[in-house]
Amino acid sequence: MDTKEAVLDILNELTGEDLSEQMDENLFDNGLLDSMATVQMLLELQEKTGITAPVSEFNRDEWATPNKIIEKVESLRNE
Amino acid sequence: MIKDVIKQIDQIATAEPDRVAYDYLGELNTYGDLKKRSDAYAAKIQEMNLPAKAPIMIWGGQTFEMVASFLGAVKAGHAYIPIASYSNSERLTMIQEVSEAPMVIAIDPLPIKMDQIQVLTPDEVVDGNYTINEKEFVDGNDNFYIIFTSGTTGKPKGVQISHDNLLSFVNWELTDFKLPEHPSFLAQAPYSFDLSVMSLYPALTAGGKLVVLPHEVTENIGKLFQTLPKLQFNVWVSTPSFAEMCFLDPTFDQAHHPELTTFLFCGEELSHKTAQMLKKKFPDAHIYNTYGPTETTVAVTQVEITDDILNKYDRLPIGVAKDDTHVTIDTSKGEKADQGEVVISGPSVSKGYLNNPEKTAAAFYQDDQNDYPSYRAGDLGFLDGDMLFYRGRIDFQVKFNGYRIELEEINFYLAKNPLVRYGVVAPKYNAQHKVQQLVAVVELADGVRDKYSDEELVKKLREDLSKDIMPYMLPQRFIFQDEMPISQNGKVDIKQVIKEVNA
């Protein structure tokens, strides 16, 4: 599964919305992701993409939109 | 056994003024500070000539000043109403209307002007050598604090907790749990949420310490996981949801937190999965599941989750009632034999909702066999011997991330929106019986569909709702439906909507 698909799947499960048409929508601003949902997202990402989420350096702005999340996951994968 | 909560805290302050009571991210305050500051608040409040016993609203976060003002209020003979400063201004005005509070203490700046009542700010409270007459202290059946919960018609309900209600709770927590001496507690829950009382008064009456993890920190994951590993305390108090969140931190285990010996959970169902995970991370810690509605003062049942309990039950028990309290099951309310509504009677049961005799009469009653009032919890449960088990709700109240929410309150505001013909908010449950998200199912008003895209509608509805309800009550997801299921009495069939959302 490619990163984009994995991220959108996880977000769909968490928010109940297909975000493929809203790749630059800020998920914190529109209320789709609160801190509890963010944690679940990170847990799922760890499980499904094998990344280790950098929880103590977590910066919301870097994870705010579907596109940003994909970018972040790919850069963590290549580390 | 403690006899008086306020005097007990003052006695510790007099005997050991230098003992640390409050640790706010490294900023320390002692029992001596607490007495001095709360006396200053009490003296100032007494100067203001409020009507006797009128409640005082207190707006703020989780700072030391907040706790000092709580104690100042009760020392001056007034109950306090804690309101978290992340609430919206609507909630503040609504609580003022219901409570008729003649005064608000603005520990944090108020979001609106409140010209019609007195406003006190911390800089007007000057330290000095005040002696507060102990006869003025809140005691007995007088209200100590009033916590507002979600109501069904958009009007919040103020649960009145008296000094003696609180006393029964505190004595139980200090007796029936294996707490260390001078326990230090995690203080994570905002003070508007009665889970905070599980840390606050047991800590302060036992000469213990509160180690604060403020809301601003827990809301920001990066900050949370920078802060959490540095905090040291013996007793963890939180909702299960919050502990689950902390599992993400690889250093959240016994090796990194050897001082953490006890976990107290309340506010929502503790799942088997979460308890098991915690046991793995903290094999020697005592883990307690507790249960109780705000109306019965924080919690009234407890059970230690041991390996035996984990092996025996897939869905964990919620505990055995404290000695002074009776839990019974009203089986006329259940659908299965032996199951029914949980009814709680005892000295920690509230006298009812402030200025709301109708809702009070619907949930509380006094019978001849009992010295104390009884409260119908609305929870579905059953007893196995004296062990209580929880199986859900008999109405439309849910717990979401530990917050208690009346779905009908959200429905009320949703239906008021001109874009909406019918709107119902349904909880979507996961496999552990936990609410995972709130789903708003909406039938739009005529013509609305053609005017806006779905994204625009979601944005508008969310914006409008956020003016009236707390942020944690906002639905995560909106589904627009052409027709809602209608029940036999011609109303929207809420149960059917909930079924469909969870299908």
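These are my notebook entries on A:Ser35, the contacts between chains A and B, and the two domains of chain B.

**Ground rules.** I worked on a predicted model, where local features need pLDDT of at least 70, side-chain atom pairs count only at pLDDT 80 or more, and totals for chains, interfaces and linings use all residues. Residues are numbered from 1 along each chain as its sequence is written, and chains are lettered from A and ligands numbered from 1 in the order in which they are written.

**A:Ser35.** I looked up the UniProt record first. Its unreviewed entry annotates A:Ser35 as "modified residue: O-(pantetheine 4'-phosphoryl)serine". Positions there follow the numbering used here, feature names are shortened, and annotations may be inferred rather than shown by experiment. I placed A:Ser35 in helix H2 (residues 35-49) of chain A. Helices are DSSP runs of H or I, at least four residues, numbered from the N terminus. A:Ser35 counts as partly exposed because it has 16 C-beta neighbours inside 10 Å (20 or more would be buried, 12 or fewer exposed; C-beta atoms are placed from the backbone). Beyond four places in sequence, A:Ser35 contacts B:Thr218, B:Glu219 and B:Ile221 (contact: C-beta atoms within 7 Å).

**Chain A against chain B.** I found 18 residues of chain A in contact with 19 of chain B. H2(A) gives the most to the chain A side, with six residues.

**Inside chain B.** I noted domain 1 (5-384) and domain 2 (397-501), with bounds from an automatic or database domain assignment. Their C-alpha centres lie 30 Å apart. In chain B, 20 residues of domain 1 contact 17 of domain 2. Helices H4 (89-99) and H9 (240-246) each supply at least two residues of the domain 1 side.
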